[in-house]
Amino acid sequence: MENLTIADQPPPPAQRGGGPAQPQPPAQLPPQMFTTAAQLLDLTDKKLMVALRDGRKLIGVLRSWDQFANLVLQSTVERIFATTTEGTATTPATGLYADVHHGVFLVRGENVLLLGEIDLDKDDDPPPGYELGDVKEVKRIAEERKVAEKARDKARGKKLAKIGFEGENMGDLLL
């Protein structure tokens, strides 16, 4: 299979027996360059992991989609991760995870950050470095971590503003 790009010229028509060249069919993009929502056709009825823009991770079976990449997931589980220790160069991070069952879930296409097919052979294995934990405990730890990160980012933004850098919306005037 050739590696083609959009800029490549089509091959010249083949001459047979010295006669006139056969008409070429209209040029088409190779399948690798097919990047519309229709590419989801291959993923229909397969188990997917969908990462959303707000940081949530959903696991479910893709049942339907439309031209805007809005997705309908069935048997959807939201997987929540909470890191309990930071990783170092010699020891990996450890943490807890919990699954919250949602059933049928509609995801607006603009909120999808990443999606991929789940390897069904490894589906039942826990994520490396994580153990299954109680949903309430994992949510509590994850929320505490999110609040701490927000405070750290706010302090970092203030330090940057003092030395002349502007962060998001720091240059806007409130009237």
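**Fold, core and surface of the predicted chain**

In this predicted model, K162 belongs to helix α1, which covers residues 135-162. K162 is exposed, with a relative accessible area of 74%. Together with K154, K158 and K159, K162 forms a positive patch on the surface. The value of 74% explains why K162 counts as exposed, since the exposed class begins over 50% relative accessible area.

The chain contains 1 helix and 6 strands. Read from the N terminus, the order of these elements is β-β-β-β-β-β-α. The chain has 175 residues, and 21% of them count as buried.

The largest nonpolar core consists of 11 residues. Its members are L40, L43, L48, V50, L52, L58, L62, L71, L73, F105 and V107. At least two residues of this core come from each of the strands β1 (47-52), β2 (57-65), β3 (71-85) and β4 (94-107). The strand that gives the most to this core is β1, with 3 residues. Each core residue is buried, because membership of a nonpolar core requires a buried residue, and buried means under 20% relative accessible area.

A nonpolar patch is also present on the surface. The patch is formed by L160, I163 and F165, and these residues have about 320 Å² of accessible area together. L160 is a residue of helix α1. With a relative accessibility of 38%, L160 counts as partly exposed. L160 can take part in a patch because patch residues need over 30% relative accessible area, and L160 has 38%.

Charged side chains were examined next. Side chains of opposite charge can pair when their charged atoms come close. The structure holds 9 salt bridges. One of the salt bridges joins the side chains of R56 and D54, with an N to O distance of 2.9 Å. Both partners are partly exposed: R56 has a relative accessibility of 32%, and D54 has a relative accessibility of 47%.

Helix α1 also contains salt-bridge partners. The side chains of R140 and E144 meet in a salt bridge at 2.7 Å, N to O. R140 and E144 are 4 residues apart in helix α1, so about one helical turn separates them. R140 counts as partly exposed at 39% relative accessibility, and E144 is partly exposed with a relative accessible area of 45%. R140 and E144 are also linked with E137 in a network of salt bridges.

A further salt bridge connects the side chains of E149 and R145, with an N to O distance of 3.9 Å. This pair counts as a salt bridge because 3.9 Å falls within the 4 Å cut-off. E149 and R145 are likewise 4 residues apart in helix α1, which means that about one helical turn lies between them. E149 is partly exposed, with a relative accessible area of 36%, and R145 is partly exposed, with a relative accessible area of 31%.

Key: Residues are numbered from 1 along each chain as its sequence is written. This is a predicted model: local features need pLDDT of at least 70, side-chain atom pairs count only at pLDDT 80 or more; totals for chains, interfaces and linings use all residues. Side-chain values use heavy atoms; hydrogens and water are left out. Patches are made of residues with over 30% relative accessible area and no salt bridge: like charges are joined within 9 Å, nonpolar side chains (Val, Leu, Ile, Met, Phe, Trp, Tyr) within 5 Å. Accessible areas come from the Shrake-Rupley method with a 1.4 Å probe; for residues, only the protein chains shown count as cover. Lys and Arg count as positive and Asp and Glu as negative; His and the chain ends are not counted. The place of a charge is taken as NZ of Lys, CZ of Arg, CG of Asp or CD of Glu. Buried means under 20% relative accessible area, exposed over 50%, partly exposed in between (1.4 Å probe, protein chains only). A nonpolar core is a set of buried Ala, Val, Leu, Ile, Met, Phe, Trp, Tyr and Cys residues joined through side-chain atoms within 4.5 Å.
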